[in-house]
Amino acid sequence: MRNHLIFKRVIHAGLAIAVSVASLLSPSRVDAAEPADTIQIAQLKVYPPVFTITGAREQLQMVVTGVLSDQSLVDLTGKATYAVEPADLASVNDQGLLKPMRDGEGSLRVTHGDVNTIVTFEAENILQRQRVSFDYHTLPVLAQTGCSGGSCHGAPHGKAGFRLSLFGSDRELDRVSLTHQMAGRRINPIEPTKSLLLMKPTGEVAHQGGQRFERDESQYELLRDWIAEGANTDSGGPQCVGIKIYPETGRLLKFPNHTQQLSVIASFDDGSQRDVTHLSKYEVSNPLVAEVNRSGLVQGLDRGESAVIVRFANFIEAPLLTFVRDIEGFTWDEPEEANYIDHHVYAKLRQLQFKPSSLANESTFVRRVFLDTIGLLPTEEELEQYLSDPSPTRREELIDQLLERPEYAKFWAQKWGDLLRVSTKLIGVPSVHKFNRWLEVSVASNQPYDQFAEQILLATGSTRQHPQGNFYRSAADTNDATETAAQVFLGTRIQCAKCHNHPFERWTQGNYYGLSAFFSRLQRSKTNQKDEVLLWSKEDGEVVHPATGQTAKPWVPVAGEIPTQESDRRLAFADWLTAEQNPLFAKIEVNRIWAQLMGQGIVEPFDDFRDSNPPANPELLEALAKDFVASGYDRRHIIRTVLLSHTYQASSDTNPWNEQDRSYFSHYRPRMMTAEQLVDALGYVTNKPEAFFGVPVSTKATWVPAPDLKPHDRAKIGSVEFLKVFGQPERQSACECERSKDVSLGQALELLNGETVNEMITAKTNLVHQGLEAGVDSLDLVKRLYRRALSRDATEEELKVHEDYIQSHQDKAQALEDTCWALLNRNEFLFQH
Amino acid sequence: MNRHSFLLNITLILVSVLTCNVQAEKPNIDSKVSFSEHVAPILQKRCVSCHGSKLAESGYRLDSYRSLLSEMVSGQQAVVSGGVAESELFQRLIHEDDDLRMPAEANSLPDAEIELIKNWIEQGAVYDGVSPDQILSSLMPSRKHPSAPESYPASLPVSAIAIDSETKEIFTGGYHELIIWNRSGQLLQRIGNQGQRTYSIDLHPTNQNILTSSGTPGLLGEVRIFDRQTGQLIGNLIQSDEVILDAKYSPDGLRVAVAKPDGSIDLYDAKTNKRILTLLGHSDQVTSVTWHSDGKRLGTTSRDKAAKIYDVDSGRSLATFSGHTDCVNALEFLDGDEVITVSDDGKAMVWSAHNGRKKRDALSGKTPLLVVSRTEKQYRIGGANRLLTYELATHQKVAELPTDGDWITAVPEKEDSGMLVFGLHSGEVRVGRTENGIDQFSAQP
């Protein structure tokens, strides 16, 4: 017990320090706006305006919204007063929850200050017995109280021998677990309140999962009555067809009026509606910005945006809420907008009261844009050329030059190689080179992105003639092809839905198999040529949903089931994918480009698009996608547009009004160079470039076509590989997450005394030793190292430090090696900033 | 400059331990608190699920008096005789911080329970059981169970069944009782003072004793022996903290094997009710025990997905059958050194008892298989929707009895060659001479 305690104390202490430091640095928050009690409300709106409550177990959550004179909205649900007429018809609590007491029609008068409004409602069948529904009471309660969550009994193997399906997605599994398994131990039909299903979550029997609800809560009542009524699991009766959330997505809440009561109304196939606010499960996408309780009351914690993921039965909605706060001393200085990107970014920043950083200086810009476009540091000559260019439009000109360079195509082809899993393990050495070359040509020729996707997805015939067909060798079966296509082109991690409905998203298991039906008929035939596969389509063959046993019909997001050609179903998929109306296709790619340039997607992780992971700036994403489509899917145009924006060119230095921003692009986010960039950079600074196996001598790390070109060498197993340590992906997964962005101790050790760095620094043929041999002055060499490593001149102060150090050593070469080593371990070198 | 070494600067954060000020009250000498009677039940109910044999959070267990008093990983004492302020266990019960107060993620204990623990510590934290190593549940007094309801408001699954081959009387487990029926479903006798659910009923081969395993899910397990004539409780072999799923007499009636929830199997002398041996090897709850007709070997099944055979004299494990992917529910010895097991994974597997290797899947389906039993010439497998009968000699299926999704939850340990009988989840009992002439009755008073 005590070690537990100490651990928690330490964490608390750490947090306390972090918080106090933050509060010293940031401007104090003053809630300048008035709380709702004193503001002038022009009008009250009550939702739902009319409603019929049917059944003894039903209730109705009202949501009261005040409209201010400037048309802005505040939630007054918990602050208004309620009066039912006639008074014996229903009760209403302080939080606007209405419970009928008898049948009849009535009205509810809602008052706040001197404004009031009246809504009407009807109650029927209130005094008749209403059986608890397994699907719409029991399972939602278990989901809502956390029982069937992924870390508890909803885990793949359950917890403590008791397994439920994740959030009640598999009613048959849950039926068996609850009523039958282990000799029916969880339910006591004779004395329902002694059921384990009630005694564990109320703490009457010790429960590892803690106490989940109290005996006087409605959750308890529903489970108890369900058991008392015979633990009925019939699926008859009206079926739920959807849920509607109020308020709709996009509601803006301003501190100190930062609460919002939600209303969730479920519709059934008989046309009836039920309020399920108190049966729904709530989560927030951004726990730093908001929290939500079990009754659907959202509370803002900080400025920013968060989706609230609302789940009832198998339906999910994720309305977005924006929280804003007046920050003391904040002024908007109308920063200049270079293009539409800045327009949208600044609009968001202004709304949330973050002030953008000023533009980065020239040398920072040069270094940054070189690394982002061609993956390499600018050479001393390139730097000099740029800095001495008097043109007022030299940034724009530099960007245009870089995007025409062959290194640009090689660098960006490697990014695609990661996603499409170009590796010798999966497709063999010759195919690696061919596929990589195909990608490089695609980038160099600026092939329109829709054509790029079509050529890959529709690859047919020999993979020797059509190297992009190797996509279907890396993705070697129907499931793999489905998952990879979904991840790369739909930005969707659909793998989860293979075995169960997606935990955070509306993707169902049926959708997974519907999508895979497009790829199920593709055949991969071997030929007598090694490394060659013939791709062709069968005219029959179906995918069977493993749970239902039914044939899955080809299905795509948004459009649903679509007709397909018998000859090759992939055609229908590709047509749908690249159609202008498809809202996903363009967004996925512009977001990916954005993430590669800015270090963070507008949607992040950038290949995980879902309602419950909303974009940081939807308008920006929309505008980029629109521009992308209008340009004919011109990837270079989008890259150029981003690079030209002041948002991209902003300094990574923060100001007091944006240092808390992590999501909205108010300043450039410094990030460590990738493994390949780092190796090339080290090679350039020391003038000892690394050589790679299986490629021409001068090939850069950022051009290597696959991470596993080298031969399998048993003797080398276990030896540290610099690129791997710094996160180079093995290309075994189409997920961008395979490239590790974690900072590790291994990296620190590699940089401090690893073989790679040590050899570069000590080589007699490197910049320092060659220079000394040629009689170059030590300090001149230091100056050159600075320009090569940091793209800037060393300051007087820095030079002084190095001079003193070198002076104090007999062995000038050793002293210079040390200087070089120190420089290469500076964050200013390791990071792109 | 030495660049090949660097300093790791570790900042140690010293944590000052809060000392709690608890007013020491004078112990109430009038009300002596008993560990067995008062404290053990509280600890058993509130604490053992996280600090017991299955799970020991923070490395701390308190499922016996000895472990309760042992030093904790942190170096503190959970219980210091006479000193509530130094007793970490007590301090954690009343801690103001929700994150630190026990039980974790739950409300604090009722004041009365906290008071009892406090008084017990202040009175010296004395032990009043037999051995400090006894697990708490075994300390608690043999209990008198509540009476069974006169008539059942709802159907209870038939979780245990037995048949007397002479009288053809059928025994079923009820709610806090055993019930005896004749073969047409007429209620003959009710035997009370039994645990909430009965999981096995076994009739002694020669005398009038009824051996039962029973319990209250999540709270209690017992093995109780009743006199058939008088209905009186005549023995209580064991108490545990979880239901006991099976207890069986050896063929000669001299020994009793008990399937325990902690993964072990206890062997008792049926005459003295004394424990002879404990068999170890399973890592999770034992679901069934089955004696070989030679009385020397015992087959066991477990939630750990394995089945085993033990030599009951030496306690040695003779074979382990690993291959099921879910809880194994039952085992039966077939002829010719073969063993069959059935599992929640939907499979019935046949194994060589000799070398433990799997020979074949006798049955493979999607729904759980729950029971297996044999007669001289046949064996039966029962599951979630049917009862299948096979010829022992040929392994040919000779009959299939559908149950329409009603799970077969109980078959008798000693099948009667002239009578087929089994219990169902719905609370019904089916009984007949052959598979073709089955009657059914609701085994609910």
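**View 1. What covers helix α22 of chain A in this predicted model.** Start with the surroundings: the cover over the buried residues of α22(A) includes α7 (362-373), α23 (722-725), α25 (755-762), α26 (767-773), α27 (778-790) and α29 (812-824) of chain A. The structure shown here, and in every view below, is a predicted model. Helix α22 itself runs over residues 675-686, 12 residues in all. From its first C-alpha to its last it reaches 17 Å, close to the 16 Å expected at 1.5 Å a residue. Of its 12 residues, 11 are buried, so α22(A) is largely enclosed by the rest of the structure. If you would like to find them one by one, the buried residues are A:A675, A:E676, A:Q677, A:L678, A:V679, A:D680, A:A681, A:L682, A:G683, A:V685 and A:T686. Just past the helix, look for A:N687, which follows α22(A) and has a positive phi, near 60°.

**View 2. Helix α7 of chain A beside helix α9.** Two packed helices are described by the angle between their axes and the distance between the axes. Here, α7(A) packs with α9 (residues 394-404) at an angle of about 25°, and the axes are 10 Å apart. An angle under 35 degrees counts as roughly parallel, and α7(A) and α9(A) are therefore roughly parallel to each other. The crossing of α7(A) past α9(A) is right-handed. On the α7(A) side, A:F365, A:V369, A:F370 and A:T373 meet A:R395, A:L398, A:I399, A:L402 and A:L403 of α9(A). Sorted by class, this contact has seven nonpolar residues, one polar and one charged. You have already met α7(A) in View 1, among the helices that cover the buried residues of α22(A).

**View 3. Helices α28 and α29 of chain A crossing.** Here α28 (residues 796-807) and α29(A) have axes that come within 9 Å and cross at roughly 145°. Their crossing is right-handed. From α28(A), look for A:H802, A:Y805 and A:I806, which meet A:K812, A:A815, A:L816 and A:T819 in α29(A). This contact divides into four nonpolar, two polar and one charged residues. Like α7(A), α29(A) is among the elements covering the buried residues of α22(A).

**View 4. Helices α13 and α17 of chain A side by side.** How do α13(A) and α17(A) run, roughly parallel or roughly antiparallel to each other? The axes of α13 (residues 449-457) and α17 (residues 569-578) come within 10 Å and cross at roughly 165°. The two helices are therefore roughly antiparallel to each other, an angle over 145 degrees being the cut-off. Their crossing is right-handed. On α13(A), the contact is made by A:D450, A:A453, A:E454 and A:L457, and on α17(A) by A:R570, A:F573, A:A574, A:L577 and A:T578. By class, these residues divide into five nonpolar, one polar and three charged. As you trace such a contact, keep in mind that an α-helix has 3.6 residues a turn, so residues three or four places apart point the same way.

**View 5. Two cis peptide bonds in loops of chain A.** A cis peptide bond joins A:Y47 and A:P48, with omega about -5°. A:P48 sits in the loop between β1 (41-47) and β2 (50-54). The peptide bond from A:E85 to A:P86 is cis too, and its omega is near -5°. To find A:P86, go to the loop between β6 (81-85) and β7 (90-92).

**View 6. Positive phi at A:A313 and A:D531.** Both residues have a positive phi although neither is glycine: near 50° for A:A313 and near 70° for A:D531. The loop between β19 (304-312) and β20 (315-317) holds A:A313. With 24 C-beta neighbours inside 10 Å, A:A313 counts as buried. A:D531 lies in the loop between β23 (522-526) and β24 (533-537). Its surroundings hold 16 other C-beta atoms within 10 Å, so A:D531 is partly exposed.

**View 7. A:F255, a buried loop residue of chain A.** Look for A:F255 in the loop between β12 (251-254) and β13 (259-261). A:F255 has 20 other C-beta atoms within 10 Å, so this residue is buried. A:V544 is 289 residues apart from A:F255 along the chain, and their C-alpha atoms are separated by 52 Å.

Definitions and conventions: Residues are numbered from 1 along each chain as its sequence is written. Chains are lettered from A and ligands numbered from 1 in the order in which they are written. This is a predicted model: local features need pLDDT of at least 70, side-chain atom pairs count only at pLDDT 80 or more; totals for chains, interfaces and linings use all residues. Helices (H or I, at least four residues) and strands (E, at least two) are DSSP runs, numbered from the N terminus. The expected span of a helix is 1.5 Å times one less than its number of residues. Two residues are in contact if their C-beta atoms, placed from the backbone, lie within 7 Å. Axes are lines fitted to C-alpha atoms, for helices over the stretch in contact, and angles run from 0 to 180 degrees between N-to-C directions. Angles under 35 degrees count as roughly parallel, over 145 as roughly antiparallel, 65 to 115 as roughly perpendicular and the rest as oblique. A crossing is left-handed if the near helix is turned anticlockwise from the far one by less than a right angle, and right-handed if clockwise. Ala, Val, Leu, Ile, Met, Phe, Trp, Tyr, Cys and Pro count as nonpolar, Asp, Glu, Lys and Arg as charged, and the others, Gly among them, as polar.
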